[in-house]
Amino acid sequence: MYKCLFVNKSMYRLLIVLFIILLCTAFFIAGKKIFTVSAEKSSEKAVLLPVIMYHSVCEKTPSDYIVNPQQFKNDLAWLKNNGYSSVSAHQLIDYTHGIGELPEKPVFITFDDGFYNNLSLALPLLEKFDMCAVVSIVGRYTDDYAPADPHVDNYSYLTWSDISELIASGRIEIGSHTYDLHSNKSERHGCTKLASETVEKYTEMLSTDIGLLNTELIQNCGIAPVVFAYPFGALSQESLPVIRDNGILMTLTCREDINLITRDSDCLYGIFRYNRSGLLTTEEFMEKITKN
């Protein structure tokens, strides 16, 4: 009886040892695999991404922030003829999280302020050339200005129903350009922090503003924005944590430079953009943004 008990205990200890060895081996193999995948990702070449910032597309005299429809059409034709493919914000977000691939020559098209002509004149041309874009709206413009004088190509802003129509097209994503911070006429410039303002007060102010537009977009259009365009490109170091906390996965600046997109999602905070001035020809502008 005691002999059998001894043997059973010995076998039990042996099984435990073998189990520990197998477990350690499994962890080693899994760890090696994870390390290999991480190494592959880290060695993956960054993707060059030019980003174009448009504002108004209409028949008014071209200026720094206005292009006419023919100029916009020429831009899209140039991009298409030179092998560029437009990408969406969600494609970029997915890519930085290890999902999917980007085209060989991607371009990201953005519009700021939420002009009605982004729907009436720009969207048909995007459809013609099979391209997509992000339109970042100012909530107060949609609430107050759009319904007061709607659907005039040269100056109207998008109504909530217009925004829903853009979303339904499948080609337009809606971004946040703040609810009511698109101003440089007051002490505050865009959404920057005032020198006299505490971090707590600033956080409360910015979170309230961003949250208001998020709420209105959810209620009126059924979407929550994941893209945030800084008004005038003005920002403070205290703004990013607030923006992240409000569900934003990409921020757009006004600094002109090329972007390097990697599998690291942090690379989408602080995207550089080239302002499309209507004072340049298509060829002049495209040479500027593709010289890198």
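**Reading salt bridges and a helix face**

Author: In this predicted model, the structure holds 11 salt bridges, and a few of them, together with one helix, can show how such features are read.

Reader: Which residues does the salt bridge of R263 bring together, and how many residues apart are the two partners?

Author: The side chain of R263 meets that of E101, with 3.1 Å from N to O. This pair links distant parts of the chain, since R263 sits in the loop between β11 (259-261) and β12 (269-271), while E101 sits in the loop between α3 (89-96) and β6 (106-113), 162 residues apart.

Reader: Is R263 buried or exposed, and is E101 buried or exposed?

Author: Burial is judged by relative accessible area, where buried means under 20% and exposed means over 50%. R263, at 17%, therefore counts as buried, whereas E101, at 58%, counts as exposed.

Reader: How should I read a salt bridge within one helix, and which residues form the one in α5?

Author: The general idea is that an α-helix has 3.6 residues a turn, so residues three or four places apart point the same way. In this structure, D144 and R140 both belong to helix α5 (residues 139-148) and are four residues apart, about one turn of the helix, and their side chains meet in a salt bridge of 3.3 Å, N to O. Both partners are partly exposed, D144 with a relative accessibility of 38% and R140 with 28%.

Reader: Where do the partners E256 and K288 lie?

Author: Their side chains meet in a salt bridge at 3.0 Å, N to O. Because E256 lies in the loop between β10 (250-252) and β11 and K288 in helix α9, the pair ties together parts that are 32 residues apart in sequence. E256 is partly exposed at 35%, and K288 is partly exposed at 28%. Elsewhere, salt bridges that share partners join E44, E101 and R263 into one network.

Reader: Turning to the helix that holds K288, which residues of α9 are buried, and why do they count as lying on the same side?

Author: In helix α9 (residues 282-290), the buried residues are T282, F285, M286 and I289. They cover an arc of only 95° around the axis, and therefore they lie on the same side of α9.

Reader: What do the buried residues of α9 pack against, and which exposed residues does the face turned away from them carry?

Author: The buried residues of α9 pack against β2 (51-54), α2 (69-81) and β13 (274-275), while the face turned away from the buried side carries the exposed residues E283 and E287.

Methods. Residues numbered from 1 in each chain as written. Predicted model: local features only at pLDDT ≥ 70, side-chain atom pairs only at ≥ 80, totals over all residues. Heavy atoms only, no water. Buried < 20%, exposed > 50% of the residue type's maximum accessible area, 1.4 Å probe, protein only. Helix = DSSP H or I, 4+ residues; strand = E, 2+ residues; numbered from the N terminus. Arc of directions from axis to C-beta. Contact = heavy atoms within 4.5 Å. Salt bridge = Lys/Arg side-chain N within 4 Å of Asp/Glu carboxyl O.
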